[in-house]
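Me: Hello! I am new to this structure and would like to get to know it. Could you show it to me, and may I then ask about it bit by bit?

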Amino acid sequence: MTEELLRRTFELRGRDFENAGEKSTEVTSILKELDIDPDVILRVGVVTFEAEMNVVMYADKAILSFILTDDEIAIEVADQGPGIPNIELAMQPGYSTASDEMREMGFGYGMGLPNIKKNSDEFFLESQVGKGTKVYCMIRLNSNG
Ligand SMILES: Nc1ncnc2c1ncn2[C@@H]1O[C@H](COP(=O)(O)OP(=O)(O)OP(=O)(O)O)[C@@H](O)[C@H]1O
Ligand SMILES: [Mg+2]
(Lines give C-alpha, C1' and ligand atoms only; values in the text may rest on other atoms or scores of the structure.)
(Ligands and ions follow the chains in the order given, each with its own letter.)
Protein backbone atom coordinates (compact mmCIF):
# COMPACT_ATOMS: atom_id res chain seq x y z
CA MET A 1 0.00 0.00 0.00
CA THR A 2 1.32 3.41 -0.88
CA GLU A 3 0.94 5.99 1.79
CA GLU A 4 0.22 9.62 0.98
CA LEU A 5 2.62 11.87 2.87
CA LEU A 6 1.95 15.30 1.48
CA ARG A 7 -0.48 17.02 -0.85
CA ARG A 8 -0.35 20.63 -1.96
CA THR A 9 -2.12 22.67 -4.59
CA PHE A 10 -1.04 25.96 -6.12
CA GLU A 11 -2.77 28.40 -8.41
CA LEU A 12 -0.95 29.51 -11.53
CA ARG A 13 -1.82 32.56 -13.57
CA GLY A 14 -1.40 32.94 -17.30
CA ARG A 15 0.79 35.79 -18.61
CA ASP A 16 2.21 36.29 -15.14
CA PHE A 17 5.86 36.42 -16.25
CA GLU A 18 6.77 38.38 -13.14
CA ASN A 19 6.08 35.47 -10.76
CA ALA A 20 6.86 32.75 -13.28
CA GLY A 21 8.73 29.84 -11.80
CA GLU A 22 7.76 30.72 -8.25
CA LYS A 23 5.52 27.72 -7.64
CA SER A 24 7.98 25.20 -9.02
CA THR A 25 10.60 26.69 -6.70
CA GLU A 26 8.15 26.30 -3.83
CA VAL A 27 7.60 22.64 -4.70
CA THR A 28 11.32 21.87 -4.84
CA SER A 29 11.92 23.78 -1.59
CA ILE A 30 9.37 21.58 0.16
CA LEU A 31 11.14 18.47 -1.17
CA LYS A 32 14.57 19.74 -0.10
CA GLU A 33 13.31 19.83 3.49
CA LEU A 34 12.56 16.13 3.23
CA ASP A 35 14.98 13.29 2.77
CA ILE A 36 14.53 12.96 -0.98
CA ASP A 37 17.16 12.06 -3.59
CA PRO A 38 18.52 15.34 -5.07
CA ASP A 39 18.31 13.79 -8.54
CA VAL A 40 14.58 13.23 -8.05
CA ILE A 41 14.21 16.83 -6.86
CA LEU A 42 15.99 18.07 -9.99
CA ARG A 43 13.62 16.12 -12.19
CA VAL A 44 10.58 17.42 -10.28
CA GLY A 45 12.01 20.91 -10.74
CA VAL A 46 12.25 20.54 -14.51
CA VAL A 47 8.76 19.09 -14.79
CA THR A 48 7.06 21.71 -12.61
CA PHE A 49 9.00 24.63 -14.09
CA GLU A 50 8.24 23.68 -17.70
CA ALA A 51 4.57 23.00 -16.96
CA GLU A 52 4.31 26.26 -15.03
CA MET A 53 5.93 28.22 -17.89
CA ASN A 54 3.53 26.70 -20.39
CA VAL A 55 0.63 27.98 -18.30
CA VAL A 56 2.24 31.42 -18.09
CA MET A 57 2.88 31.49 -21.84
CA TYR A 58 -0.24 29.87 -23.25
CA ALA A 59 -3.07 29.45 -20.74
CA ASP A 60 -5.33 31.65 -18.63
CA LYS A 61 -4.91 29.95 -15.29
CA ALA A 62 -4.24 26.56 -13.78
CA ILE A 63 -4.12 24.44 -10.67
CA LEU A 64 -0.88 22.65 -9.95
CA SER A 65 -1.34 19.69 -7.64
CA PHE A 66 1.51 17.89 -6.11
CA ILE A 67 1.24 14.63 -4.20
CA LEU A 68 4.07 12.89 -2.42
CA THR A 69 3.67 9.29 -1.36
CA ASP A 70 6.25 6.96 0.13
CA ASP A 71 7.26 5.79 -3.36
CA GLU A 72 6.43 8.52 -5.86
CA ILE A 73 5.73 12.14 -6.62
CA ALA A 74 2.75 12.96 -8.81
CA ILE A 75 2.35 16.36 -10.40
CA GLU A 76 -0.71 17.49 -12.28
CA VAL A 77 -1.15 20.84 -13.94
CA ALA A 78 -4.68 21.42 -15.19
CA ASP A 79 -5.26 24.67 -17.02
CA GLN A 80 -8.06 26.68 -18.51
CA GLY A 81 -6.87 27.92 -21.85
CA PRO A 82 -6.86 27.41 -25.61
CA GLY A 83 -5.88 23.75 -25.45
CA ILE A 84 -3.49 22.01 -27.83
CA PRO A 85 -4.97 21.14 -31.24
CA ASN A 86 -2.24 18.67 -32.21
CA ILE A 87 -0.57 16.97 -29.25
CA GLU A 88 1.74 14.86 -31.39
CA LEU A 89 3.10 18.02 -33.01
CA ALA A 90 3.35 19.88 -29.70
CA MET A 91 5.40 16.99 -28.27
CA GLN A 92 8.00 17.24 -31.05
CA PRO A 93 11.29 18.77 -29.90
CA GLY A 94 11.65 22.22 -31.43
CA TYR A 95 7.97 22.81 -32.14
CA SER A 96 6.82 26.09 -30.62
CA THR A 97 4.16 28.71 -31.12
CA ALA A 98 5.91 31.13 -28.75
CA SER A 99 5.83 34.81 -29.71
CA ASP A 100 8.94 36.83 -30.58
CA GLU A 101 8.60 38.51 -27.20
CA MET A 102 8.70 35.13 -25.41
CA ARG A 103 11.69 34.06 -27.48
CA GLU A 104 13.49 37.25 -26.48
CA MET A 105 12.92 36.26 -22.85
CA GLY A 106 14.67 32.97 -23.56
CA PHE A 107 11.65 30.73 -24.00
CA GLY A 108 10.15 29.07 -27.03
CA TYR A 109 12.73 26.41 -27.90
CA GLY A 110 9.96 23.86 -28.08
CA MET A 111 11.72 21.76 -25.45
CA GLY A 112 9.37 22.09 -22.47
CA LEU A 113 7.01 19.21 -23.18
CA PRO A 114 9.76 16.82 -24.43
CA ASN A 115 11.74 17.60 -21.26
CA ILE A 116 8.73 17.01 -19.05
CA LYS A 117 8.26 13.63 -20.68
CA LYS A 118 11.96 12.74 -20.47
CA ASN A 119 12.08 13.54 -16.75
CA SER A 120 8.93 11.63 -15.86
CA ASP A 121 8.50 7.93 -15.20
CA GLU A 122 4.91 8.30 -16.31
CA PHE A 123 3.62 11.11 -18.47
CA PHE A 124 0.16 11.90 -19.73
CA LEU A 125 -1.08 14.90 -21.69
CA GLU A 126 -4.73 15.57 -22.32
CA SER A 127 -6.20 18.60 -24.03
CA GLN A 128 -9.47 19.96 -25.24
CA VAL A 129 -9.36 22.82 -27.74
CA GLY A 130 -11.08 25.89 -26.32
CA LYS A 131 -11.13 24.44 -22.82
CA GLY A 132 -7.73 23.57 -21.53
CA THR A 133 -4.86 21.18 -21.04
CA LYS A 134 -3.91 18.72 -18.36
CA VAL A 135 -0.39 17.47 -17.85
CA TYR A 136 0.14 14.56 -15.50
CA CYS A 137 3.59 13.36 -14.47
CA MET A 138 4.81 10.79 -12.03
CA ILE A 139 8.36 10.46 -10.78
CA ARG A 140 9.39 7.46 -8.70
CA LEU A 141 11.45 8.17 -5.61
CA ASN A 142 13.71 5.20 -6.14
CA SER A 143 14.39 5.62 -9.86
CA ASN A 144 17.23 7.39 -11.59
CA GLY A 145 15.71 8.67 -14.81
N1 LIG B 1 -0.69 24.50 -21.53
C2 LIG B 1 -0.70 24.74 -22.83
N3 LIG B 1 -1.78 25.29 -23.44
C4 LIG B 1 -1.78 25.51 -24.77
N5 LIG B 1 -0.75 25.22 -25.60
C6 LIG B 1 0.33 24.66 -25.05
C7 LIG B 1 0.44 24.40 -23.65
N8 LIG B 1 1.64 23.81 -23.42
C9 LIG B 1 2.25 23.74 -24.60
N10 LIG B 1 1.49 24.24 -25.60
C11 LIG B 1 1.81 24.26 -27.05
O12 LIG B 1 2.80 23.28 -27.31
C13 LIG B 1 3.98 23.89 -27.85
C14 LIG B 1 5.21 23.16 -27.37
O15 LIG B 1 5.35 23.32 -25.95
P16 LIG B 1 6.80 23.20 -25.31
O17 LIG B 1 6.67 23.48 -23.86
O18 LIG B 1 7.41 21.92 -25.73
O19 LIG B 1 7.63 24.35 -26.05
P20 LIG B 1 7.54 25.95 -25.86
O21 LIG B 1 6.79 26.28 -24.62
O22 LIG B 1 7.04 26.52 -27.12
O23 LIG B 1 9.07 26.32 -25.68
P24 LIG B 1 9.96 26.06 -24.37
O25 LIG B 1 9.17 25.16 -23.46
O26 LIG B 1 11.21 25.43 -24.87
O27 LIG B 1 10.17 27.43 -23.77
C28 LIG B 1 3.89 25.35 -27.42
O29 LIG B 1 4.62 26.22 -28.26
C30 LIG B 1 2.38 25.60 -27.51
O31 LIG B 1 1.98 25.80 -28.84
MG1 LIG C 1 7.23 25.31 -22.84
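Me: Let us start with one residue: where is the place of Ser-120?
Reply: Happy to help! This is a predicted model, in which local features need pLDDT of at least 70, side-chain atom pairs count only at pLDDT 80 or more, and totals for chains, interfaces and linings use all residues. Residues are numbered from 1 along each chain as its sequence is written, chains are lettered from A and ligands numbered from 1 in the order in which they are written, and side-chain values use heavy atoms, leaving out hydrogens and water. With helices (H or I, at least four residues) and strands (E, at least two) taken as DSSP runs numbered from the N terminus, Ser-120 sits in the loop between helix 5 and strand 4.

Me: Is Ser-120 buried or exposed?
Reply: Buried means under 20% relative accessible area, exposed over 50%, and partly exposed in between (1.4 Å probe, protein chains only). Ser-120 has 10% relative accessibility, so the word for this residue is buried.

Me: Which backbone oxygen does the side chain of Ser-120 reach?
Reply: A polar contact is a pair of N or O atoms within 3.5 Å; within protein, one must be able to donate a hydrogen and the other to accept it, and residues adjacent in sequence count only if both atoms are side-chain atoms. Here the distance is 2.7 Å, and the backbone oxygen belongs to Ile-116.

Me: Which element gives the largest share of the largest nonpolar core?
Reply: A nonpolar core is a set of buried Ala, Val, Leu, Ile, Met, Phe, Trp, Tyr and Cys residues joined through side-chain atoms within 4.5 Å. This one has 28 residues, and Leu-31, Val-44, Leu-64, Ile-73, Ile-75 and Val-77 touch the most other members. Among the elements that give two or more residues are strand 1 (4-13), helix 2 (38-58) and strand 5 (132-140). The largest share, six residues, comes from helix 2.

Me: How do the rings of Phe-17 and Phe-107 count: stacked, edge-to-face or tilted?
Reply: Rings of Phe, Tyr and Trp (its six-membered ring) pair if their centres lie within 6.5 Å; planes under 30 degrees apart count as stacked, over 60 as edge-to-face and the rest as tilted. The centres of Phe-17 and Phe-107 are 6.4 Å apart and their planes are at 40°, so the pair is tilted.

Me: What is the bridge partner of Phe-124 in strand 5?
Reply: Two strands pair if DSSP finds at least two bridges between them. Strand 4 (residues 122-128) and strand 5 pair in the antiparallel sense over seven bridges. In strand 5, the partner of Phe-124 is Tyr-136.
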